[in-house]
Protein chains: 2
Amino acid sequence: MLFTVTIATRGAPWKLEKDKNFSEWFDGLLFSANILDNRYPVKGFSAHRGWGFRIVKRIIQMLEERLEETGHEPVMFPVVIPEDAFAKEAEHIAGFQAEVFWITHAGDSKLDRRLLLRPTSETAMYPLFAYWIRSHADLPLKVHQSVSIYRYETKATRPLLRMREFLWNEAHTAHTSSEEAEKQVREGIGIYTEVFKRLGLSYLLLQRPDFDKFAGAVYSVAFDAWNPDGRVNQIGTVHNLGENFSKVFEITYEDVDGNHKNVVQTCYGLGISRTLAAVIAQHGDDHGLVLPPEIAPVQVVIVPIPYKGLEKEIYAYSRKVFDAIKNAGIRTILDDSEKMQPGEKFYHWEMFGVPVRVEIGPKDLEAKCVTLSRRDTLKRTTVSFDDLVPSVQTLFEDIMGNLRAKSQEVLEKSIVDVADVKALRKAVGGKKIARVNWCESQECADKIKEEAGGGEVRGHRYDVEEKPTKPCLICQKPASRIVYVARAY
Amino acid sequence: MLFTVTIATRGAPWKLEKDKNFSEWFDGLLFSANILDNRYPVKGFSAHRGWGFRIVKRIIQMLEERLEETGHEPVMFPVVIPEDAFAKEAEHIAGFQAEVFWITHAGDSKLDRRLLLRPTSETAMYPLFAYWIRSHADLPLKVHQSVSIYRYETKATRPLLRMREFLWNEAHTAHTSSEEAEKQVREGIGIYTEVFKRLGLSYLLLQRPDFDKFAGAVYSVAFDAWNPDGRVNQIGTVHNLGENFSKVFEITYEDVDGNHKNVVQTCYGLGISRTLAAVIAQHGDDHGLVLPPEIAPVQVVIVPIPYKGLEKEIYAYSRKVFDAIKNAGIRTILDDSEKMQPGEKFYHWEMFGVPVRVEIGPKDLEAKCVTLSRRDTLKRTTVSFDDLVPSVQTLFEDIMGNLRAKSQEVLEKSIVDVADVKALRKAVGGKKIARVNWCESQECADKIKEEAGGGEVRGHRYDVEEKPTKPCLICQKPASRIVYVARAY
């Protein structure tokens with residue numbers, strides 16, 4: 001059956017101009033491409049619509065497959081957390097209490113104790129981890145869940161990028177030793193790296209400064225994706241929790257010698273909503289979405305171009321092309337409706353980001369060919385019917401290679417070395433990511449934020465060692481880190 | 001890699017006796033087979049564990065595929081609903097207000113207006129439906145979502161069967177006419193029927209009496225699955241909403257003649273948690289779970305039986321068997337760990353409900369055979385290596401046929417015609433479903449409930465016309481319906 005898409009654009013004559021006004025472009029596209037409806041009557045909460053939610057489901061599936069291949073068990077913990085469990089780890093509650101939603105009543109009754117909606121699930125999961133883990137034979141324990149998260153953001157909310165309800169996947173692990181936990185941090189980073197690579201995203205992998213680590217963690221590593229408006233978008237984080245939580249939740253195991261020890265833990269989260277935002281923001285253009293083939297709900301759209309007297313033959317040939325592509329396991333639709341002209345259909349499916357369009361006109365019919373148009377470059381090629389399927393598959397690879405390279409190029413161009421406060425201000429104000437020598441003092445970080453108009457010290461590179469080359473940008477004392485400064489969502 | 005399962009039974013010496021004590025059997029199995037952990041520190045909320053959640057994901061996928069094939073768009077609406085939207089439809093709020101969770105605060109602030117956690121999503125979705133639907137060209141609108149639902153149950157909670165947080169899929173549709181809505185009710189019933197058939201479940205399809213229809217519906221049809229303890233388990237419901245909601249939410253469309261009309265709506269929900277409960281309760285036995293192959297996380301387990309001097313050969317042959325089954329696209333594991341004896345492995349995987357076990361001992365090795373043991377009957381057969389894959393596939397079909405037939409047989413045997421109050425009491429008290437002639441008055445239904453020790457009039461058959469044969473069981477006036485009476489979850 002034909003894949004149906006409701007066109008939400010009816011009567012909405014805005015222009016898609018990504019470079020001119022990113023926010024308008026982004027919000028307009030979310031609306032028109034059936035991704036998110038922002039008119040839900042509660043601030044910071046939106047309805048996910050069909051086209052967008054199909055993409056979301058594919059991103060989740062791609063991630064979950066990798067997590068389960070590496071031994072993470074799927075679980076689902078309740079959305080409500082009792083106040084006493086939440087309050088156990090001092091740094092954790094301090095970090096989150098200002099932004100939790102509280103349930104105080106049910107029906108007409110006041111609850112005995114308040115419940116909060118999960119802002120993250122450490123304090124939901126770890127009381128049960130204490131039951132699940134008894135001996136070294138129970139370790140490592142590795143679980144994951146894809147759920148909605150609730151945070152009462154007090155800053156202005158933004159669709160997908162900063163919501164009060166958003167989707168993420170969180171993984172939680174427990175181990176016998178710090179070495180094992182360290183290895184797990186690297187495994188988590190590896191899984192996310194693979195997913196982001198398949199989505200063609202580029203980012204900086206940064207170890208956060210101590211003052212910005214996850215509340216309760218020993219240290220945090222984060223994936224900061226670039227965004228066209230110069231703000232970075234944190235799409236994933238990986239935390240080494242040490243024994244901070246296992247001590248307060250009394251998660252212990254008996255080792256081979258019969259000694260009871262605390263487990264060492266890690267947790268990591270990949271923001272599904274923010275990853276979708278990054279895919280849209282990094283790859284999209286003035287025609288609309290540009291989707292990586294792996295997550296595109298429709299990978300190939302076939303548009304017949306009927307020609308007087310040859311309509312029947314062109315439709316029949318189009319059906320044959322459709323069958324060949326479909327039988328190869330490619331998600332495809334034949335758009336043979338007569339409600340739109342071929343040109344309108346081109347615009348329509350370009351907006352929805354369908355990676356490849358097949359056009360079939362009288363010349364194609366005659367020569368037993370088809371015309372392929374790739375969404376990323378909008379370039380056309382003609383291939384013979386016999387080469388159809390391999391050509392489409394090669395195009396998918398070419399598209400991914402191109403998206404990845406273009407995204408990486410933008411990231412690299414957006415990084416600017418700055419050696420003084422004026423240059424810092426200019427870089428961050430000019431939508432760049434500033435690279436700065438820093439002494440690691442909180443004071444200088446605060447000063448940097450002030451000078452950079454809200455640009456924050458996001459951390460130093462985790463994957464590449466970068467040695468300071470100059471004194472601290474602010475205090476001029478010896479610098480111990482090269483760090484990246486940008487405004488953030 | 002080997003599929004890992006944490007064995008939760010360690011040191012739990014209870015016996016699985018389904019017929020003797022269903023509740024103990026059910027709760028014990030949920031715990032031991034890694035389905036649900038009921039020790040979460042909030043009443044009515046449980047943690048889903050790895051084995052069970054893998055099954056859940058397969059049930060959801062099976063259902064969603066059918067919904068999307070029939071044109072239902074996947075969506076996801078917020079978990080919070082503002083009080084004013086919830087209060088719009090009078091019957092709806094009356095039906096649900098006693099059991100909703102209220103969010104009143106966020107961080108340190110009191111919210112301007114209270115938010116509730118979705119007890120069902122009509123009042124979340126329909127304000128946006130009013131934006132989405134303008135013209136007859138926008139209809140039918142069909143959406144679905146798989147989400148968690150929150151109801152403050154005041155009766156005793158029961159794992160999977162009656163929780164304060166549970167999983168379901170809900171579909172919502174809008175149409176131009178009552179006829180279209182009627183057709184949609186039948187489509188919804190057809191989709192659920194197909195899913196339940198593939199799970200081998202049996203149930204009564206009943207139109208609920210007026211006093212028990214969904215709050216806000218014109219009428220409700222429900223799937224009541226039998227449960228071994230005699231209570232019925234409502235696993236799905238389909239509602240014709242008429243214009244009840246479209247009037248209060250002002251969901252109108254312009255017809256071909258330019259007239260503005262209210263849409264006619266339907267909605268239907270399939271309880272994922274309760275469907276899982278039904279699969280466990282209807283098919284399970286004293287050895288543990290019995291899973292339909294389509295939803296089994298592992299479909300075939302291979303257990304080598306090492307024989308002195310032939311260990312190497314047996315393991316090598318087992319690996320060959322594993323590869324052959326895996327390459328056929330069957331989910332399989334080779335349990336070659338040396339921590340358990342073969343007999344222990346048999347018990348272990350039987351408890352987890354793996355449909356087929358392949359045993360490989362010295363005789364199998366010598367004859368180039370394998371021994372297949374099917375989980376439903378525990379019967380063994382020997383087949384040659386060359387017949388391995390087709391034999392396993394045939395076994396899957398045989399298992400499903402058997403599960404379906406056995407379940408249907410139990411249902412049919414549990415229905416008892418009763419003609420007086422004494423027989424009613426005996427039937428319902430004896431874990432049966434009573435078939436009763438009824439005059440359709442609320443008074444007589446109340447009296448039935450009283451006499452039947454809580455057994456309720458669940459409704460008359462929707463799919464089969466059954467004409468009353470006797471006067472009303474209670475008032476002896478002419479009966480207008482044959483209805484089914486049972487206690488319910």
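Guide: A residue counts as buried if 20 or more other C-beta atoms lie within 10 Å of its own. Keep in mind that this model is predicted.

Visitor: What percentage of the residues of chain A count as buried?

Guide: Apply that cut-off of 20 or more neighbouring C-beta atoms to each residue. Chain A has 489 residues. The share that counts as buried is 51%.

Visitor: What is the radius of gyration of chain A, next to what the globule rule gives?

Guide: Chain A comes to 14 helices and 23 strands. The globule rule gives 23 Å for 489 residues, and the value for chain A is close to that, so chain A is as compact as a globular protein of that length. Its C-alpha trace spans about 85 × 55 × 50 Å along the principal axes. The radius of gyration is 25 Å.

Visitor: Which turn lays chain A on chain B?

Guide: Two copies of a chain are related by a rotation about an axis and a shift along it. Here the shift along the axis is 0.0 Å, and the RMSD is 0.0 Å. The relation is that of a two-fold axis. The turn is 180°.

Visitor: Which residue of chain A comes closest to the rotation axis?

Guide: Look at the C-alpha atoms of chain A. The closest one lies 2.1 Å from the axis. It belongs to Ile103(A).

Visitor: Which element gives the largest share of the side of chain A that touches chain B?

Guide: In all, 45 residues of chain A are in contact with 45 residues of chain B. Elements giving two or more residues to that side of chain A include α2 (50-69), β5 (101-106) and α5 (122-132) of chain A. The largest share is six residues, and it comes from β5(A).

Visitor: How many residues on that side of chain A are nonpolar?

Guide: The copies meet through the same surface, because 100% of the interface residues of chain A are also interface residues in chain B. On the side of chain A, nine residues are polar and nine are charged. The nonpolar count is 27.

Visitor: In β5(B), what is the bridge partner of Trp102(A)?

Guide: Strand β5(A) is joined to β5 (residues 101-106) of chain B by five bridges. The two strands run antiparallel. In β5(B), Trp102(A) has as its partner His105(B).

Visitor: Which are the edge strands of the open sheet in chain B that holds β15?

Guide: Five strands form this sheet, in the order β16-β15-β17-β18-β19. The pairing is mixed, and the twist averages 25° from one strand to the next. An edge strand here pairs on one side only. Those strands are β16 (332-334) and β19 (380-384) of chain B.

Visitor: Which residue in β19(B) stands opposite Val370(B)?

Guide: Strand β18 (residues 369-374) of chain B pairs with β19(B) over five bridges. The sense is antiparallel. Opposite Val370(B) stands Val383(B).

Visitor: At about what angle does helix α12 of chain B run to β18(B)?

Guide: Two helices lie across strands of this sheet. Helix α9 (residues 311-327) of chain B runs at about 170° to β15(B). Helix α12 (residues 388-414) of chain B lies across β15, β17, β18 and β19 of chain B. Its angle to β18(B) is about 10°.

Visitor: How many residues of helix α5 of chain B are buried?

Guide: Helix α5 (residues 122-132) of chain B has eleven residues and is mostly covered. Among the buried ones are Met125(B), Tyr126(B) and Phe129(B). The buried count is eight.

Technical notes. Residues are numbered from 1 along each chain as its sequence is written. Chains are lettered from A and ligands numbered from 1 in the order in which they are written. This is a predicted model: local features need pLDDT of at least 70, side-chain atom pairs count only at pLDDT 80 or more; totals for chains, interfaces and linings use all residues. Copies are superposed by least squares on the C-alpha atoms of residues with pLDDT of at least 70 in both. Two residues are in contact if their C-beta atoms, placed from the backbone, lie within 7 Å. Helices (H or I, at least four residues) and strands (E, at least two) are DSSP runs, numbered from the N terminus. Ala, Val, Leu, Ile, Met, Phe, Trp, Tyr, Cys and Pro count as nonpolar, Asp, Glu, Lys and Arg as charged, and the others, Gly among them, as polar. Two strands pair if DSSP finds at least two bridges between them. The radius of gyration is taken over C-alpha atoms; the globule rule is 2.2 Å times the number of residues to the power 0.38. A residue is buried if 20 or more other C-beta atoms lie within 10 Å of its own, exposed if 12 or fewer, and partly exposed in between; C-beta atoms are placed from the backbone. Axes are lines fitted to C-alpha atoms, for helices over the stretch in contact, and angles run from 0 to 180 degrees between N-to-C directions.
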